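Welcome, and please take a moment to look over the sequence and the model shown here. The report below walks through it from the inside outwards.

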Amino acid sequence: MNNFGVFFALLGAVLAALLSGIGSAKGVGMTGQAAAGVCTDDPSKFSKVLILQLLPGTQGIYGLLIAFLTMTQIGIMGGSADISLVKGLMYLAACLPMIIVGPISAIHQAKTAVASIAMVAKRPDQFGKAMIFPAMVETYAILALLISILAIFGIGSLKL
């Protein structure tokens, strides 16, 4: 039995979860440090800075979702894990948007969220505007997630 197809598909799933998770962990850590500094001076801003801190964590969730969908499609989770090498490489390629965009966008979103936390520290009435800046970075993580999902489900219907 040739397992190279399963290996490459599983590699894509693991890298999507791993790298997006690392990016999110770094991002949430960066924003948490900024949020803690703000709360030291003014604890009443906790809920606002907490929301900003959580934003870079979404990429980790997206990477986990891509890993789960890929493992489900290749039969690792409740099925027969026997796919061709070509199909395995296609699953790896389908995971690439989250593998690449996930960690990069998490770190850039964290940098933007840190700036927004500083904005909230000085002007708490501008919280709504401060949310928009890191949310714009989120757009690209969502686009990568969408492409990975569409590709994963598209591969499943191919006869290879």
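## The nonpolar cores

Let us begin in the interior of this predicted model. Its largest nonpolar core has 20 residues. Those with the most contacts inside this core are A16, I66, I83, Y91, M98, L145 and I152. Helices α1, α3, α4 and α5 are the elements that each give two or more residues to the core. Apart from it lies another core, this one of ten residues, and V38, V49, I117 and A130 are among them. As general background, nonpolar side chains tend to be buried together in soluble globular proteins.

I152 is a good residue to click on if you want to see the packing in detail. Leaving aside residues up to four places away in sequence, I152 touches I66, L69, T70, Q73, Y91 and A94. Two of these partners, I66 and Y91, also appear in the list of residues with the most contacts inside the largest core.

## Helix α2 and its buried face

Next comes helix α2, which covers residues 46–54. Which of its residues are buried? They are V49, L52 and Q53. Seen down the axis of α2, these buried residues fall within an arc of 105°, so they line one face of the helix. The spacing fits a general pattern: an α-helix has 3.6 residues a turn, so residues three or four places apart point the same way.

What covers this buried face? The cover includes α1 (4–41), α4 (85–122) and α5 (127–156). V49 also belongs to the ten-residue core described above.

## A nonpolar patch on the surface

Turning to the outside, L65, F68, I76 and M77 make a nonpolar surface patch of about 320 Å². One of these residues, L65, is found in helix α3, which runs over residues 58–74. L65 counts as partly exposed because its relative accessibility is 34%.

## Two salt bridges

How many salt bridges does the structure hold? There are two. In one, the side chains of K45 and D42 meet, with an N to O distance of 3.4 Å. K45 is buried, with a relative accessible area of 11%, while D42 counts as partly exposed at 24% relative accessibility.

The other salt bridge joins D125 and R123, whose closest N and O atoms are 3.6 Å apart. Here D125 is exposed, with a relative accessible area of 56%, and R123 counts as partly exposed at 46% relative accessibility.

Conventions: Residues are numbered from 1 along each chain as its sequence is written. This is a predicted model: local features need pLDDT of at least 70, side-chain atom pairs count only at pLDDT 80 or more; totals for chains, interfaces and linings use all residues. Side-chain values use heavy atoms; hydrogens and water are left out. Buried means under 20% relative accessible area, exposed over 50%, partly exposed in between (1.4 Å probe, protein chains only). Helices (H or I, at least four residues) and strands (E, at least two) are DSSP runs, numbered from the N terminus. The arc is that of the directions from the helix axis to the C-beta atoms. Contact means heavy atoms within 4.5 Å. Patches are made of residues with over 30% relative accessible area and no salt bridge: like charges are joined within 9 Å, nonpolar side chains (Val, Leu, Ile, Met, Phe, Trp, Tyr) within 5 Å. Accessible areas come from the Shrake-Rupley method with a 1.4 Å probe; for residues, only the protein chains shown count as cover. A salt bridge is a side-chain nitrogen of Lys or Arg within 4 Å of a carboxyl oxygen of Asp or Glu. A nonpolar core is a set of buried Ala, Val, Leu, Ile, Met, Phe, Trp, Tyr and Cys residues joined through side-chain atoms within 4.5 Å.
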